[in-house]
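Dear colleague,

I am passing on a structure that you have not worked with before, and I would be grateful if you could look through it alongside the notes that follow.

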Amino acid sequence: MDLKLEVVVLPVSDVDRAKAFYEAAGFRLDVDYVADENYRVVHLTPPGSQASILFGTGVTTAAPGSVQGLHLIVSDIQEAHAELSGRGVAMGEVFHDAGGVFHRGTEVARVSGPHPERASYGSFAAFSDPDGNGWVLQEVTTRLPGR
């Protein structure tokens with residue numbers, strides 16, 4: 001049985017502001033459906049992704065900005081950082097973990113710059129949407145077996 005991640009629901013406080021942010025970041029608008037003033041669904045897909053994001057009015061009870069640690073995989077961390085910055089996304093610096101593996105989700109053991117050997121899965125950069133939902137870019141150049 002395949003279980004494929006299809007959509008992640010993001011809690012936002014201002015649907016139009018979030019829509020403008022994600023479109024500016026290069027996400028493709030798939031759906032903007034308004035049933036009435038209490039129900040609206042906006043569905044967008046990151047470039048090259050099979051999974052999408054969804055937000056709107058009446059779609060979640062989670063607090064705006066409460067989703068953290070969403071990862072977008074990129075083949076070149078510095079290129080992706082520059083492109084998103086150029087699109088107006090406030091990016092944190094490129095970093096790697098002092099231990100050389102996955103970052104800790106905090107500033108602990110965070111080292112400025114890409115992984116010294118540019119090891120696959122080893123370099124990161126973070127940003128947040130206007131509500132504070134947190135995203136991380138992760139550089140993957142060679143997938144682990146079975147992925």
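A residue is called buried when its relative accessible area is under 20%, exposed when that area is over 50%, and partly exposed in between, using a 1.4 Å probe and protein chains only. Please keep in mind that this is a predicted model, in which local features need pLDDT of at least 70 and side-chain atom pairs count only at pLDDT 80 or more, while totals for chains, interfaces and linings use all residues. Residues are numbered from 1 along each chain as its sequence is written, and side-chain values use heavy atoms, with hydrogens and water left out.

By the burial cut-off, phenylalanine 21 counts as buried, because its relative accessibility is 14%, and phenylalanine 127 is buried as well, with a relative accessible area of 5%. Tyrosine 22 and phenylalanine 55 are both buried too.

The largest nonpolar core (buried Ala, Val, Leu, Ile, Met, Phe, Trp, Tyr and Cys residues joined through side-chain atoms within 4.5 Å) has 26 residues, and those with the most contacts inside it are Tyr22, Phe55, Phe127, Trp135 and Leu137. Among the elements that each supply at least two residues of this core are helix H1 (15–24), strand S4 (52–57) and strand S8 (124–128), where helices (H or I, at least four residues) and strands (E, at least two) are DSSP runs numbered from the N terminus. H1 gives the most to this core, with 4 residues.

The aromatic rings deserve a separate paragraph. Rings of Phe, Tyr and Trp (its six-membered ring) pair if their centres lie within 6.5 Å, and planes under 30 degrees apart count as stacked, over 60 as edge-to-face and the rest as tilted. A search of the whole structure finds 8 aromatic pairs. In one of these, phenylalanine 21 and phenylalanine 127 have ring centres 6.4 Å apart and planes at 40°, so the pair is tilted; this pair links distant parts of the chain, with phenylalanine 21 in helix H1 and phenylalanine 127 in strand S8, 106 residues apart. The rings of tyrosine 22 and phenylalanine 55 also form a tilted pair, because their centres are 5.9 Å apart and their planes are at 35°, and here tyrosine 22 in helix H1 is linked to phenylalanine 55 in strand S4, 33 residues away along the chain. Ring pairs join Phe21, Tyr22, Phe27, Phe55, Phe127 and Trp135 into a cluster.

With best wishes
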